[in-house]
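The following exercises concern a single protein chain and are to be worked with the sequence and the model side by side. Each task is followed by a solution in steps.

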Amino acid sequence: MSFDFDVISAQFNKKIDNFLDSLSYKPDALGIAVSGGSDSLSLLYLINSWSNQKKLKIIILTVDHNLRNGSADEALYVGKLCNNLGLQHKTLLWGHEDIKGNLSANAREARYKLMQDFLPFGAILITGHTLDDQAETFLMRLRRGSGVDGLASMADQTNLSFGNDEMTIFRPLLDFERQTLRN
């Protein structure tokens with residue numbers, strides 16, 4: 001797919017609008033997960049160009065896992081971009097003392113939990129997962145020896161539960177290749 005922001009934006013807008021129209025309720029807000037990587041920055045610019053006809057509150061969230069040098073600078077960079085675009089931004093910090101087991105899985109769970117705790121009840125979290133993430137997830141699960149059910153791809157919509165709380169995650173960029181979005 002060649003780069004044409006207007007075409008990509010129109011596809012994105014349609015996907016978001018169709019998703020919101022399919023819900024049985026009106027969410028209080030949309031949380032937009034933006035790490036500072038190219039996928040999530042594409043999501044940031046696309047959500048900024050979205051018409052938001054339902055007048056939903058948009059909250060950009062960055063999680064600083066504090067696991068590598070420069071993570072705070074990346075969160076600050078996203079905050080500055082959001083400020084320039086007139087979007088609300090919040091950096092969430094993960095206090096990761098006593099990590100046991102799989103660091104990546106722990107960080108992913110903590111990231112979703114932090115965002116859910118910050119967002120108003122009933123908010124939808126939107127992530128920038130792409131077609132490339134689909135392929136990477138499949139290969140990672142295959143390498144781990146997952147069965148057929150474990151090899152299923154990421155869905156556009158997922159409900160995650162944390163105790164008694166549930167959060168809906170929507171992935172509107174799964175049809176797009178990472179390089180297309182970078183362009």
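**Exercise 1. Two asparagines**

Is Asn52 buried or exposed? Treat Asn66 in the same way, and describe the backbone at both positions.

*Solution.* The model is predicted, and the values below are computed from it.

Step 1. Locate Asn52: the residue belongs to the loop that runs between α2 (38-49) and β2 (57-64).

Step 2. Apply the cut-off. Buried means under 20% relative accessible area. Asn52 has a relative accessible area of 14% and is therefore buried.

Step 3. Inspect the backbone. Asn52 has a phi near 50°, a positive value in a residue other than glycine.

Step 4. Turn to Asn66, which lies in the loop between β2 and α3 (71-85). The cut-off for exposed is over 50%. With a relative accessible area of 52%, Asn66 is therefore exposed.

Step 5. Phi of Asn66 is also positive, at about 55°, although Asn66 is not a glycine.

**Exercise 2. The partners of β6**

Determine which strands pair with β6, and in which sense.

*Solution.*

Step 1. Begin with β5 (residues 157-162), which pairs with β6 (residues 165-170) in the antiparallel sense over 6 bridges.

Step 2. Read off individual bridges. Leu160 has Met167 of β6 as its bridge partner, and Ser161 has Glu166.

Step 3. Examine the connection. β5 and β6 form a hairpin with 2 residues between them. In the turn, Gly163 has a positive phi of about 65°.

Step 4. Consider β4 (residues 124-126), which pairs with β6 in the parallel sense over 3 bridges. Here Ile124 stands opposite Thr168 of β6.

Step 5. Combine the results: β6 has an antiparallel pairing with β5 and a parallel pairing with β4.

**Exercise 3. An aromatic pair**

Search the whole structure for aromatic pairs and classify what is found.

*Solution.*

Step 1. The search of the whole structure yields 1 aromatic pair.

Step 2. Classify the geometry. The ring centres of Phe19 and Phe170 are 3.9 Å apart and the planes are at 10°, so the pair is stacked. The cut-off used for this class is planes under 30 degrees apart.

Step 3. Place the partners in the chain. Phe19 is in helix α1 (residues 5-22) and Phe170 in strand β6, so the pair links distant parts of the chain, 151 residues apart.

Step 4. Check the accessibility: Phe19 and Phe170 are both buried.

**Exercise 4. The second largest pocket**

Describe the second largest pocket by its volume and its lining.

*Solution.*

Step 1. The volume of the second largest pocket is about 230 Å³.

Step 2. Its lining consists of 13 residues, and those nearest the centre are Gln116, Pro120, Phe121, Gly122 and Glu166.

Step 3. Assign the lining to elements. α4 (103-118) and β6 each supply at least two residues, and β6 gives the most, with 4 residues.

Step 4. Sort the lining by class: 6 residues are nonpolar, 4 are polar and 3 are charged.

Step 5. Relate this to Exercise 2. Glu166, one of the residues nearest the pocket centre, is the bridge partner of Ser161.

**Exercise 5. Contacts across the sequence**

For Tyr25, Gly37 and Ser42, establish the setting and one spatial relation each.

*Solution.*

Step 1. Tyr25 is in the loop between α1 and β1 (29-33). At 34% relative accessibility, Tyr25 is partly exposed.

Step 2. Tyr25 and Gly122 are 97 residues apart in sequence, and their C-alpha atoms are 8.8 Å apart in space. Gly122 also appears among the residues nearest the centre of the second largest pocket.

Step 3. Gly37 is in the loop between β1 and α2 and counts as partly exposed at 31% relative accessibility. From Gly37 to Gly128 there are 91 residues in sequence and 9.4 Å in space, C-alpha to C-alpha.

Step 4. Ser42 is placed in helix α2 and is buried, with a relative accessible area of 11%. A polar atom of the Ser42 side chain lies 3.1 Å from the backbone oxygen of Leu181.

Technical notes:
Residues numbered from 1 in each chain as written. Predicted model: local features only at pLDDT ≥ 70, side-chain atom pairs only at ≥ 80, totals over all residues. Heavy atoms only, no water. Pairing = 2+ DSSP bridges. 1 Å grid on protein atoms, 1.4 Å probe; cavity = no way out; pocket = protein on both sides within 12 Å on 5 of 7 lines; lining within 4 Å. Points joined across faces, edges and corners; volume = space filled by probe spheres on them. Nonpolar A, V, L, I, M, F, W, Y, C, P; charged D, E, K, R; others polar. Buried < 20%, exposed > 50% of the residue type's maximum accessible area, 1.4 Å probe, protein only. Phe/Tyr/Trp six-rings, centres within 6.5 Å; stacked < 30°, edge-to-face > 60°. Polar contact = N/O pair within 3.5 Å; in protein donor to acceptor, adjacent residues only side chain to side chain.
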